[in-house]
Amino acid sequence: MPPRRTRALALAAALAAVLGTAAAAQAAPPPANPYLAAGGAGAMHGDSASSDTTPRVGPGTGGVATHRTALRSACPTVVAGSDGYPVAVCTGMFDRAPHVHLLDPATGASLTELTLAKSSILGGIYSYLDERDRLVVADGSGDLLRIAHVRTASGGWQLRVVERTPLTGAVASGDSVVGLAPDWRGRVWFATAHGVVGTVDTATKALRTANLGEGVANSISTAPEGTAVATDHALYLLRAGADGTPRITWRRAYDRGPARKPGQLSHGTGATPTFFGPRTGSEYLAITDNAAPQENLIVVSTKDDRTVCRIPVLDPNGSGTENSPIGAGNSVYVASTYGYPYPAVPDGAGPAVPATAPFNGGLTRVDVDRGGSGCAVRWDARIRSAAVPKLSVADGKIYTVERTGLLDPAKTGILDRYDFLAVDAETGRVASRHHLGTGFLFDTLQMAGNATPGSVWWQGTLSGVVRIAPK
């Protein structure tokens, strides 16, 4: 980094510390979706806006107690509703099928399990809890399911499919649902890997679709302004017509780069679009492109498709991300996954260029100016985030997991160290670090955590779920 920029960033961080400004406290909350579970943990990215924020206080900077529940599955989605019971959606290590687990809030133990029909590697990952705490998920049979957790006569628990809506005609053979989110009328929006976007009213079974003609590898986001979809070529904002048919409000092409980068799962953006903003919580949309060698953060006005900024972020010598940005108030936080060693990538992802790279990490904060006419980098931190970072707007800390190589921090292997971090959102400084474990069983695989009552943090790993709570 040039010395002048380094000095400027250090001065900005020092000034923020002196003034004691808390961006998290100034942030407008994401719009409350009436068809998503209350509590800020109803979706992988917290809310339907994909803000990657939580209204709950996290575990903080004091001592923590951790417990790993082995589920023989990679668990990218751990969500929880108004009753506080976490629901984990996992992919089995051996059968590659989706497995749904209801977890004990006090211990993390699996109370009951339901296996779903197998789909693609991303099938079932991007699910959510509805306003009645029921899991909404698409399985490999081509059906949209609502799954409730209910008490049995003996006092135990059961996961039960209480609604099944066929997506016949919308999801062709060889295609699969990638992203799901509810809109403000209760319709379920979905996007498939082959670029079909649709809405379904599960009460009437009315199904409407449109074909974007481009691949989709990330989830979708909803706000009162519409539904945001990022394809492997462009960012879209869509709204439903009178009959529910998706219609393009605007399309914004981005630099998709020459190829898939190491540490990404597709050729194109690796980000789920993020709604954010200081006034309504959704006046802006943020996404990262795939420009080489250095990617850009792009912020667009949802109202008029106006470019607020396109600004280089992370390492200029090689950067990329598979993570959704954090969006809160005027601030966006982007974490690098460049070089992260995923054990598998989706079919058709194409070779990475270069094939491998060190995992140097990086976390950058970018602030939109008050007039919404530009952006500036606030700070850069050399944090090797191995999970999707999430900001607690209640305590001003960014929570994530850092991966450190055994002999060289940037050289990954099966014996790497994993630490749970609390990062000061104002300065980018690590406020606390707690050892989670060592070895591949603790690999957090760039998966998102979520917070539940009692400042408990739930983090998926390659082999199950870790419960992290204050001592």
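Visitor: Which residue in β25 does Val334 stand opposite?

Guide: Val334 faces Thr364 there. Strands here are DSSP runs of E, at least two residues, numbered from the N terminus. This is a predicted model, where local features need pLDDT of at least 70 and side-chain atom pairs count only at pLDDT 80 or more, while totals for chains, interfaces and linings use all residues. Residues are numbered from 1 along each chain as its sequence is written, and side-chain values use heavy atoms, with hydrogens and water left out.

Visitor: What makes β24 and β25 a pair?

Guide: Two strands pair if DSSP finds at least two bridges between them. Five bridges join β24 (residues 331-335) to β25 (residues 363-368), so the definition is met. The two strands run antiparallel.

Visitor: Why are β23 and β26 called edge strands?

Guide: Each of them pairs on one side only. The open sheet has the order β23-β24-β25-β26.

Visitor: How do you know that Cys75 and Cys90 form a disulfide?

Guide: The cut-off is a pair of cysteine sulfur atoms within 2.5 Å. Their sulfur atoms are 2.1 Å apart, so the pair qualifies. The torsion about the S-S bond is about 100°, so this disulfide is right-handed.

Visitor: What makes Cys309 and Cys375 a disulfide too?

Guide: Their sulfur atoms lie 2.0 Å apart, so the same cut-off is satisfied. Cys309 lies in β22 (residues 307-312) and Cys375 in β26, so the link ties together parts 66 residues apart in sequence. With -75° about the S-S bond, this link is left-handed. Both Cys309 and Cys375 are buried, that is, under 20% relative accessible area (exposed is over 50%, partly exposed in between; 1.4 Å probe, protein chains only).

Key:
Helix = DSSP H or I, 4+ residues; strand = E, 2+ residues; numbered from the N terminus.
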